[in-house]
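Here is a walk through one chain, from the overall layout down to single residues. Keep the 3D view open and turn it as you read.

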Amino acid sequence: MGCAISGLGLAPKQIDATEEEALPHLSDHHIEQIKDSWKVIQEDIAKVGIIMFVRLFETHPECKDVFFLFRDVEDLERLRASKELRAHGLNFRVMSFIEKTVARLDQLDRLDQLALELGKSHYRYNAPPKYYGYVGTEFICAVQPILKEKWTSEVEEAWQTLFLYVTRIMKRGYQEEEKSKRNNVVIASKERPEKKGTAI
């Protein structure tokens with residue numbers, strides 16, 4: 001059940017929170033490869049989502065903690081056939097985000113804003129950046145059999161580059177939100193008047 005891209009750099013590395021990661025370059029060729037392959041992937045989008053989530057929970061069981069509905073699921077075969085997962089909003093939201101990402105490839109400023117906001121919302125969901133790369137890796141593994149002979153090293157590189165690009169911006173959004181909340185706590189604690197003992 002292995003995947004050709006395991007360990008090819010999509011899985012997140014431990015990086016100092018202050019370290020700014022450079023965005024990979026999404027070339028015109030990458031964009032063309034992604035859009036062409038997306039036309040095929042779209043036809044089986046629900047299936048891709050199911051394969052991706054089952055693989056994600058198989059390879060990284062700790063991810064189930066982030067997805068509350070699936071936290072206590074032990075039987076992944078049952079999950080694979082689950083109508084719950086097929087219809088679950090999470091599956092729809094993740095696939096919808098990928099669809100929106102592909103649609104914004106010609107307007108990277110809009111894609112950047114979308115990914116930044118998603119990173120901020122992931123802070124509020126308590127879903128840290130270490131999980132982001134896992135989703136990209138499992139998505140790529142899930143689409144390989146669907147694309148069949150259309151899956152090439154160029155297509156793989158294009159999708160890897162896209163997921164690295166998006167996850168790095170999401171990480172920035174997460175860190176911005178984390179810093180903002182931390183600053184708000186500090187400001188709020190400074191604004192609170194000190195309690196002084198009052199004798200009655």
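Before we start, a word on how elements are named: helices are DSSP runs of H or I with at least four residues, and they are numbered from the N terminus. With that in hand, Thr167 can be placed in helix α8, and we'll come back to that residue further down. What you're looking at is a predicted model.

Let's begin with the big picture. The protein chain has 8 helices and 0 strands, so the order of elements from the N terminus reads α-α-α-α-α-α-α-α under the DSSP naming. Of the 200 residues in the protein chain, 44% are buried. Contacts also reach a long way along the sequence: among those with a separation of 6 or more, 77% are between residues 24 or more positions apart.

How far can you trust the picture? The average pLDDT of the protein chain is 81, and 70% of the residues score at least 70. Confidence is highest in helix α1 (residues 28–41), with a mean of 97, and lowest in helix α4 (residues 83–87), with a mean of 60. Then there's the stretch covering residues 12–19, where the pLDDT is below 50; beyond near neighbours in sequence, this stretch has 7 contacts in the model. A general caution fits here: where pLDDT is low, the predicted coordinates should not be read in detail.

Now for the aromatic rings. Searching the whole structure turns up 7 aromatic pairs. One of them joins Phe139 and Trp159: the ring centres are 5.2 Å apart and the planes meet at 50°, so this pair is tilted. Phe139 belongs to helix α7 (residues 132–147) and Trp159 to helix α8 (residues 153–191), so the pair, with its partners 20 residues apart, links distant parts of the chain as the DSSP runs define them. Are these two residues buried or exposed? Phe139 has 0% relative accessibility and therefore counts as buried. Trp159, also at 0% relative accessibility, is buried too. Zoom out a little and you'll find that ring pairs link Trp38, Phe139, Trp159 and Phe163 into a cluster.

Phe163 turns up again when we look for empty space, as it is one of the residues lining the second largest cavity. The model has 2 cavities of 30 Å³ or more, and the second largest cavity holds about 40 Å³ of space. Which residues line the second largest cavity? They are Phe97, Ile98, Thr101, Leu162, Phe163 and Val166. The elements giving two or more residues to this lining are α5 (89–103) and α8. By class, the lining has 5 nonpolar residues, 1 polar residue and no charged ones.

Stay with helix α8, where Thr167 sits. At 14% relative accessibility, Thr167 counts as buried. Not counting residues up to four places away in sequence, Thr167 touches Tyr132 and Gly133.

Helix α8 isn't the end of the story, so jump back to the segment before α1, where you'll find Leu23. Leu23 has a relative accessible area of 30%, which means that it is partly exposed. Leaving aside neighbours within four places in sequence, Leu23 is in contact with Tyr165, Arg168, Ile169 and Arg172. Take Leu23 and Tyr165: these two are 142 residues apart in sequence, yet 5.5 Å apart in space, C-alpha to C-alpha.

Ile146, in helix α7, gives another long-range example. With a relative accessible area of 13%, Ile146 is buried. Leaving aside neighbours within four places in sequence, Ile146 is in contact with Val40, Ile41, Asp44 and Val48. The C-alpha atoms of Ile146 and Ser37 are separated by 9.8 Å, with their positions 109 residues apart along the chain.

Finally, have a look at two loops. Asn126 is in the loop between α6 (108–124) and α7, and has a positive phi of about 60° although it is not a glycine. At 58% relative accessibility, Asn126 counts as exposed. In the loop between α7 and α8 you'll find Lys148. Phi of Lys148 is also positive, near 50°, in a residue other than glycine. Lys148 counts as exposed, at 59% relative accessibility.

Note on methods
Residues numbered from 1 in each chain as written. Predicted model: local features only at pLDDT ≥ 70, side-chain atom pairs only at ≥ 80, totals over all residues. Heavy atoms only, no water. pLDDT = per-residue confidence, 0-100. Contact = heavy atoms within 4.5 Å. Phe/Tyr/Trp six-rings, centres within 6.5 Å; stacked < 30°, edge-to-face > 60°. Buried < 20%, exposed > 50% of the residue type's maximum accessible area, 1.4 Å probe, protein only. 1 Å grid on protein atoms, 1.4 Å probe; cavity = no way out; pocket = protein on both sides within 12 Å on 5 of 7 lines; lining within 4 Å. Points joined across faces, edges and corners; volume = space filled by probe spheres on them. Nonpolar A, V, L, I, M, F, W, Y, C, P; charged D, E, K, R; others polar.
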